[in-house]
Amino acid sequence: MLIVPGLGDSGPGHWQTLWENEHPEYRRVTQRDWNDPDLNEWAASIDRAIRNSAAPSVLVAHSFGCLAVARRAAICRDGILGALLVAPADTDRFRFAKGLLPEASLGFPSILVASETDPWLSLSRALALARCWESHFVNLGAAGHINVASGFGTWQDGQVLFQELLGIVERCLPAFTI
């Protein structure tokens with residue numbers, strides 16, 4: 001499993017970091033600069049992490065990390081078994097992101113988790129992304145940006161969603177040639 005943080009690298013109390021601490025087998029994608037995002041550079045970092053992995057990966061992305069996963073999928077889907085996309089950021093906030101994301105299925109199973117009160121992406125835009133990418137859509141209600149500031153710690157319900165994604169991936173494996 002590859003953890004793909006968003007801006008700022010999901011600090012010490014973020015659910016992604018807590019999951020990584022609980023599961024030493026999980027690996028974190030690293031970026032050259034966590035505060036000055038470049039979509040192609042971040043997608044290339046995901047690509048390197050996948051290619052350096054001994055096996056195909058399931059990705060768990062947050063915020064801008066979701067956009068980087070989608071960008072990587074637009075370039076190359078190899079090595080990705082599935083993705084949990086949590087609180088994607090809006091491409092309108094990043095002038096360089098427009099036109100770089102897929103406008104069709106990501107090509108692997110995915111769950112897109114959104115919130116009605118996320119300041120980084122409206123619920124209607126999140127639903128549009130989920131439809132476009134053929135992601136299963138989960139609305140958490142009034143959950144902010146699904147991060148520490150929104151009161152999320154280890155986020156047990158997120159781990160349940162991750163297990164659901166793994167089940168979907170398992171059922172789809174014969175359809176993939178990796």
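The structure holds 8 aromatic pairs (rings of Phe, Tyr and Trp, the last by its six-membered ring, with centres within 6.5 Å). This is a predicted model, in which local features need pLDDT of at least 70 and side-chain atom pairs count only at pLDDT 80 or more, while totals for chains, interfaces and linings use all residues. Residues are numbered from 1 along each chain as its sequence is written, and side-chain values use heavy atoms, without hydrogens and water.

**Aromatic residues**

- Phe152 and Trp155 pair edge-to-face, at 5.8 Å centre to centre and 90 degrees between the planes; planes over 60 degrees apart count as edge-to-face, under 30 as stacked and the rest as tilted.
- Phe152 is buried at 16% relative accessibility, and Trp155 is buried at 7%; buried means under 20% relative accessible area, with a 1.4 Å probe and protein chains only.
- One aromatic cluster is formed by Trp15, Trp19, Tyr26, Phe152, Trp155 and Phe162.

**Nonpolar cores**

- The largest nonpolar core (buried Ala, Val, Leu, Ile, Met, Phe, Trp, Tyr and Cys residues joined through side-chain atoms within 4.5 Å) has 34 residues; Ile46, Leu59, Val69, Leu85, Leu112 and Trp133 touch the most other members.
- Elements that each supply at least two residues of this core include β1 (2-4), α2 (39-51) and β5 (110-114), and α3 gives the most, with 7 residues; helices (H or I, at least four residues) and strands (E, at least two) are DSSP runs, numbered from the N terminus.
- A second, separate core of 22 residues includes Trp15, Leu81, Val113 and Leu161.

**Contacts of Leu112**

- Leaving aside residues up to four places away in sequence, Leu112 touches residues including Leu85, Pro88, Trp133 and Phe137, where contact means heavy atoms within 4.5 Å.

Notes
Buried < 20%, exposed > 50% of the residue type's maximum accessible area, 1.4 Å probe, protein only.
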